[in-house]
Amino acid sequence: MRSIVLASVVSLGGLLFSCTGVQGPAGPQGAPGETGAPGQNGNDGMDGMNGNDGANGDAGPQGPTGPQGPQGDAGPNGRDFRFTTGGLKVLILDAGVTDAGVASVDVLITDSNDRNLDRTGTFSEGAVSVSFVVAALQERSDGLPLQYSAFTTRNVTFDGGTFVQNGTDTGGTWTELDPLNGGRYRYQFGARVNVANAALTHTIGLYATRTFAGVRYVDNRLFHFRPDGQSVTKLRDIVTTQACNQCHTRLEAHGGARREIGLCITCHTNTNDIDPESGNTFDFKAMIHNIHRGNGLPSVLAGAPYFFNGFNNTPIDISTEAFPRSNNECE
């Protein structure tokens with residue numbers, strides 16, 4: 001009996017040895033696990049270097065010649081250069097204003113020998129610069145001439161403010177009336193002329209300059225008309241240029257281009273008459289009296305200089321000016 005039990009144990013031991021020495025088949029796949037948390041973003045890589053430009057390609061073949069275009073319009077007739085002499089005359093031939101407030105003036109521009117000039121200086125030597133003023137002569141209640149009111153104005157900026165001053169017209173258009181012979185032009189004003197009373201005298205003034213052979217020539221002109229077409233019967237002619245030139249030899253202002261009193265009073269009026277830089281008036285009658293009495297003005301005697309902001313913004317101090325005779329002799 002004891003030997004049989006031993007044999008059984010040995011046999012069982014062999015079976016156990018056999019189970020641990022041989023791998024069994026794989027079990028079934030387990031269920032997927034839960035998704036893990038996202039990882040952190042990696043650092044950006046460095047920019048790559050730009051590549052070299054490629055070689056230019058070969059030029060393509062030239063295309064065929066297109067058909068000939070139509071013939072253009074004939075150009076204007078040629079003009080010969082006009083040989084002229086020195087001097088300058090700008091004659092006002094006619095002027096007027098429409099019901100819509102459009103003013104225009106016709107002029108003839110010549111040299112001192114009445115040879116017609118090209119305004120632009122293309123067909124004759126020396127371009128001609130012309131500036132215009134247009135104004136209405138106001139009247140007193142008894143009908144006597146009073147003072148001008150200018151339609152041509154400009155805006156002046158000073159110390160943060162904007163001031164309206166009388167000036168010349170700069171926004172108009174020129175038309176050549178006789179291209180073959182030259183010299184005749186029509187200027188249409190840019191400023192509107194709103195006629196309040198067509199029976200009043202209206203005046204167009206101009207100053208013109210021309211440089212010929214190094215000499216600067218100047219001309220001033222006036223033209224009086226009534227918008228109603230009737231004859232002019234009233235003018236403001238209190239002080240004349242001839243009277244001023246008894247002392248001044250040749251009256252001239254604003255760089256020498258203004259030489260006619262009749263032109264001055266169309267612009268230096270009692271409207272828009274304040275010089276913003278000094279606060280003094282530009283009204284002609286007051287301004288001229290102050291200038292000729294400069295060193296005797298009460299304000300000057302009190303120690304305050306009297307000045308205007310003049311041509312090209314140059315201050316003009318009149319505190320030392322004096323009339324060469326009695327102030328009562330102002331004829």
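This report walks through a four-stranded sheet and the aromatic contacts of a predicted model.

Let's begin with the sheet. Its 4 strands run in the order E1-E2-E8-E7, forming an open sheet with antiparallel pairing. Strand E1 (89-97) and strand E7 (173-176) are the edges, each pairing on one side only. From one strand to the next, the twist averages 25°. E1 and strand E2 (residues 103-110) are joined in the antiparallel sense over 8 bridges, and here Ile92 stands opposite Val107 in E2.

Now for the rings. Searching the whole structure gives 9 aromatic pairs. Two of them share Phe189 and are set out below.

| Pair | Centre to centre | Angle between planes | Class |
|---|---|---|---|
| Phe132 and Phe189 | 5.7 Å | 65° | edge-to-face |
| Tyr187 and Phe189 | 5.3 Å | 75° | edge-to-face |

Both angles fit the edge-to-face class because planes over 60 degrees apart count as such. Phe132 belongs to strand E3 (residues 128-139), while Phe189 sits in the loop between strand E8 (184-188) and strand E9 (202-212), so their pairing ties together parts 57 residues apart in sequence.

Are these rings buried or exposed? Phe132 and Phe189 are both buried. For Phe189 the relative accessible area is 2%, and Tyr187 is buried too, at 4%. Phe132, Tyr187 and Phe189 belong to one aromatic cluster that also includes Trp174 and Tyr185.

Charges meet rings here as well. The charged end of Arg119 sits over the ring of Tyr185, a cluster member, at 5.8 Å from the ring centre. Likewise, the charged end of Arg258 sits over the ring of Tyr207, 4.0 Å from its centre.

Methods:
Residues are numbered from 1 along each chain as its sequence is written. This is a predicted model: local features need pLDDT of at least 70, side-chain atom pairs count only at pLDDT 80 or more; totals for chains, interfaces and linings use all residues. Side-chain values use heavy atoms; hydrogens and water are left out. Two strands pair if DSSP finds at least two bridges between them. Helices (H or I, at least four residues) and strands (E, at least two) are DSSP runs, numbered from the N terminus. Axes are lines fitted to C-alpha atoms, for helices over the stretch in contact, and angles run from 0 to 180 degrees between N-to-C directions. Rings of Phe, Tyr and Trp (its six-membered ring) pair if their centres lie within 6.5 Å; planes under 30 degrees apart count as stacked, over 60 as edge-to-face and the rest as tilted. Buried means under 20% relative accessible area, exposed over 50%, partly exposed in between (1.4 Å probe, protein chains only). A charge sits over a ring if NZ of Lys or CZ of Arg is within 6 Å of the ring centre and within 35 degrees of the ring normal.
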